[in-house]
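Q: Please pick a single part of this model and examine it closely, covering its geometry, its packing and its place in the interior. I would like every cut-off spelled out once.

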Amino acid sequence: MSGKKERNKERREKRLQEISLLRTMPYSDHQRWWSQETVAVVTGANRGIGFEIARQLAGHGLTVILTSRNISVGIEATKALQEGGFSYDVHQLDILDGESISAFVEWIKQKYGGIDILVNNAGVNYNLGFDNSVEFARQVVDTNYYGTKNMIKAMIPVMKPSAAGARIVNVSSRLGRLNGRRNRIQDATLREKLTNLETLSEELIDRTVSSFLQQVEDETWQSGGWPQTFTDYSVSKLAVNAYTRLVAKELCDRPQGEKIYINCYCPGWVKTAMTGWAGNISPEVAADTGVWLSLLSDQAITGKFFAERREINF
C-alpha cells in the first residue's frame, strides 16, 4: 500500500472511531426537539441500512414506520425490532407504484395525521466487485432516482409543521458526485449546468438520466462520458444528489414553522446484501449519519451532502 493510501486509511479509521464514540453520547434535553409523537418513515427498512436507521431512530424515542415492498418481510423485521421495547409500525410500500404510494399516504394521514421525518433508503444495485453491467440500468434508475423523487413529492404535503422543521434524508453515494476527481461525468458543460443552482432543473436531471438510458438501449453508453464505476448506480445517485439540491432550493422560502430541510449522505461501502457482504463498514456505523441528519437540533442545514457527519462537495 502506498504512503498516501495508508494515510487515508488511517484518517478514515480514526474518523470511524470518533463516530463510534459520538454514537455513545446521549442527546441533551435542549437538543431533543422530538418525542414519541414524532413520526419518522424509513423506506426499504426491512434489512440493511434502512433497518438500522429505523432501530436507531426508535432508540432515540421516536415512533418509526418501517416500509417494505413485501409486507410479510416488513412485519418480520418489525417483530425483531419490537423486542427492544421501542415504538414501531409497518406498512407495505412500493416506491415505483403510484397506487401503493397513494395508499400509504392515506394511511399516514388517517393514523398519524402526518410525518416529521422521511428517510429515503430504498434502493438497488446489481453490480458487485469489478462488475459494471448495465443490464438492469432502467430498474436501478427508476428505483433509486424516480422512486426517491416519487416519495419526496408524495410526502411533502403530509409533513407536519413544527418549530424544529421537518426533515428529509436521502441515502445516496459518493459515486454520484458531480465534481469528484474520479468517476464523474466527462461533459464539463453538463456538469456545470447540474452544479449551478441557476441552471439546475428537474427537467435537466430527467433529461440527463434519460440520455443515459437511451445510450444503454443503443449500446453506446461506454463512449458517452458517463462514470465508469457502477455506471447505472452512479448515474442514479448523481440524479438523487442533484434533486436534493433542487428541492432544497424550492423549499427554502417556506415560513418559519413550516420549514422542511432536505439533505443526502453517503453511508460508505457497507456490509449488506447490496454489496454481497463485501463492504468494510457495519450497518450500525453506516446508519449513523442518516440518523444524525434526521435529529439535528437548530437545523438550518439543507441541500447538502454528507459522509461520516462531515459535509463534502457534490
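A: The answer below follows one helix from its own geometry outwards to its surroundings.

This is a predicted model, in which local features need pLDDT of at least 70 and side-chain atom pairs count only at pLDDT 80 or more, while totals for chains, interfaces and linings use all residues. Residues are numbered from 1 along each chain as its sequence is written, and side-chain values use heavy atoms, with hydrogens and water left out.

Helix 7 runs over 202–218, where helices (H or I, at least four residues) and strands (E, at least two) are DSSP runs numbered from the N terminus. Its 17 residues reach 24 Å from the first C-alpha to the last, close to the 24 Å expected at 1.5 Å a residue, the expected span being 1.5 Å times one less than the number of residues. Directly after helix 7 comes Glu-219, which has a positive phi near 65°.

The buried residues of helix 7 (buried is under 20% relative accessible area, exposed over 50%, partly exposed in between, with a 1.4 Å probe and protein chains only) are Leu-204, Ile-205, Asp-206, Thr-208, Val-209, Phe-212, Leu-213, Gln-215 and Val-216. These buried residues pack against helix 5, helix 6 and helix 8, contact meaning heavy atoms within 4.5 Å.

With helix 8, helix 7 packs at an angle of about 175°, the axes lying 10 Å apart; axes are lines fitted to C-alpha atoms, for helices over the stretch in contact, and angles run from 0 to 180 degrees between N-to-C directions. The two helices are therefore roughly antiparallel (under 35 degrees is roughly parallel, over 145 roughly antiparallel, 65 to 115 roughly perpendicular, the rest oblique). Helix 7 contributes Glu-202, Ile-205, Val-209 and Phe-212 to this contact, and helix 8 contributes Thr-231, Asp-232, Val-235, Ala-239, Ala-242, Tyr-243 and Leu-246. The contact residues divide into eight nonpolar, one polar and two charged, with Ala, Val, Leu, Ile, Met, Phe, Trp, Tyr, Cys and Pro counted as nonpolar, Asp, Glu, Lys and Arg as charged, and the others, Gly among them, as polar.

Ile-205 and Phe-212 are also among the residues that touch the most other members of the largest nonpolar core, which has 50 residues; such a core is a set of buried Ala, Val, Leu, Ile, Met, Phe, Trp, Tyr and Cys residues joined through side-chain atoms within 4.5 Å. Helix 7 is one of the elements that each supply at least two residues of this core, and helix 8 gives the most, with nine residues.
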